[in-house]
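This report describes selected features of a predicted model. It turns to a pocket, a sheet and two residues in their surroundings.

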Amino acid sequence: MLKIACCLLLLLLSLVHGLASTSPSVGKTLVSGKKVVVVGGGPVGLYFAALLSLKDPTVQIEILEKRTGKSVNAFGMGVGHRMQNRLNDIPGLYEQAVEISATVQSLNIPLVDRGDLTRQMSSFVLDKFGTNCRLTYGEECDSVDFEKKSITTSSGRTIKYDLLLAADGVNSEIRQKLVEKEPETFQEQHFLENAHWKALSLPKQPDVEVGSFKPLRHPSIAGGRVLPKAPEGHILLLFWRDEHGFDNPTGIDTTEDLKQMITDAMQDKNTRGINPLRKLLGLEQGDSRKSDRDVVFDEAALEAFMSQRAGRSHHLKINQYHYQDSVALIGDSAHAMNSLLGQGCATGLESTRTLVKCLVGEEETTTTMEEALSKYTQLATKEAHAMTELSLINYATKGPLTMLKALPLILLNMLRGRGLLKRIVDISVPFSQIAKENKRLLKLCRRRFEKERRPFAN
């Protein structure tokens, strides 16, 4: 009897093994074994590669990044709570991403130079997922054949793809090709705010706190910030309004003019320029006051500042983030906003996570790539559009009549415990909920924005 029982048990085990070997493999996704091409090797594109590789290591990812060096007009990115939360989706990524960083003392968050951030993230991706991820610098997408699912690069290579990911920024060539191809499907709202900006690197300062987040005020600029820089020194981020499109603030024609303006702006002698509504919103956070600061300059950085082109603040919304079953837009290629609330990259990471969840079946069951990408558009546009609208909050502080109308709306939400900045840093509150709570205020801001915005032209 014992021998018979053992034989039956062995037979049963062999049958179970046979069934298991012929059943679909556990963890198979819509992109298993597929080729994904990511155009753009910035933080959002690298996060996508890391998260998708973690979820499905069988996918083959190729990332193309046109830049080979550091931008001279780069400034630090505040890695706030929402961005930290997303980077922690991949074990070890957050720690490596902020390895080279400075701390903004008043906000208690790390601030990372964008170049350092992308280098750290790319090293992480290649170290952890190098078997299925390839990263090429100095190569960009020259043309796309959407029907044949292939791109031609600047080096003449033709690359076939199953999924093409546009992570190539606010001036995305891929998005523009889709808008030109199907303007009725891809309805783009792309404007420029009346704000120019540049970043100036300063060496270590004797009279500025290491983790400074000091606001800057001067008649030649609309505003600015002192930001800490790793391993030492600071970055000055300057904004100005200009009707003529000049690449430097009005009246700043030489490096000596620039030095004098910066020296004056770094002092705290004149507080009349403080906007009370900005202060109420929490947009005037800074350091201890001091009126006799000495400022040390780097002459090469001053020359670079004067010669470089000014950046512009973009406002971009598009109604659809995918094309059929093979193209998706992420990051600034899908949505762009000003840097006031510091949520641009966090919004990009959030929508990218939504895309990955749709591709691997974690959001809800989808049977085709087109269904998954359609679900991505449905979910991601809701939150990204909300954050794009929230970024217009700065327009509440422009003009006495607008400020007068905005003040009771801001106070009412604060009394309800729903202050805007408080809600922004609360990672449990969706952007769409914050936008809903500030619906009337944002409507007021949009009216002001629509009066001042400029059309974007390629």
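The second largest pocket has a lining of 21 residues, and those nearest its centre are Glu350, Arg353, Thr354, Glu383 and Pro430. Its volume is about 390 Å³. By residue class, the lining of this pocket comprises eight nonpolar, five polar and eight charged residues. Helices α3 (81–87), α10 (344–360) and α11 (369–390) each contribute at least two residues to the lining. The largest share comes from α10, which supplies seven residues.

The model, which is predicted, also contains an open sheet of six strands with mixed pairing, in the order β6-β2-β1-β10-β16-β15. Its edges are formed by β6 (133–137) and β15 (322–323), each of which pairs on one side only. Within the sheet, β10 (residues 163–166) runs parallel to β16 (residues 327–329), and three bridges join the two strands. One residue pair can be named here: Ala166 has Leu329 of β16 as its bridge partner. Helix α2 (residues 43–55) lies across four strands, namely β1 (35–39), β2 (60–65), β6 and β10, and runs at about 170° to β2.

Two arginine residues are considered next. Arg114 belongs to helix α5, which spans residues 114–129. Beyond its neighbours within four places in sequence, Arg114 makes contact with Gly42, Pro43, Arg67, Phe75 and Met77. Pro43 is separated from Arg114 by 71 residues along the chain, yet the C-alpha atoms of the two are 8.2 Å apart.

Arg448 is part of helix α15, which covers residues 439–452. With neighbours within four places in sequence set aside, the contacts of Arg448 are Tyr395, Lys398, Gly399 and Thr402. Thr402 and Arg448 lie 46 residues apart along the chain, and their C-alpha atoms are separated by 7.9 Å.

The C-alpha separations of these two pairs are set out below.

| Residue pair | Separation along the chain | C-alpha distance |
|---|---|---|
| Arg114 and Pro43 | 71 residues | 8.2 Å |
| Arg448 and Thr402 | 46 residues | 7.9 Å |

Are these arginines buried, partly exposed or exposed? Arg114 has a relative accessible area of 32% and is therefore partly exposed, since this class lies between the limits of 20% and 50%. Arg448 also counts as partly exposed, because its relative accessibility is 25%.

Methods. Residues numbered from 1 in each chain as written. Predicted model: local features only at pLDDT ≥ 70, side-chain atom pairs only at ≥ 80, totals over all residues. Heavy atoms only, no water. Pairing = 2+ DSSP bridges. Contact = heavy atoms within 4.5 Å. Axes fitted to C-alpha atoms, helices over the stretch in contact; angles between N-to-C directions. Buried < 20%, exposed > 50% of the residue type's maximum accessible area, 1.4 Å probe, protein only. 1 Å grid on protein atoms, 1.4 Å probe; cavity = no way out; pocket = protein on both sides within 12 Å on 5 of 7 lines; lining within 4 Å. Points joined across faces, edges and corners; volume = space filled by probe spheres on them. Nonpolar A, V, L, I, M, F, W, Y, C, P; charged D, E, K, R; others polar.
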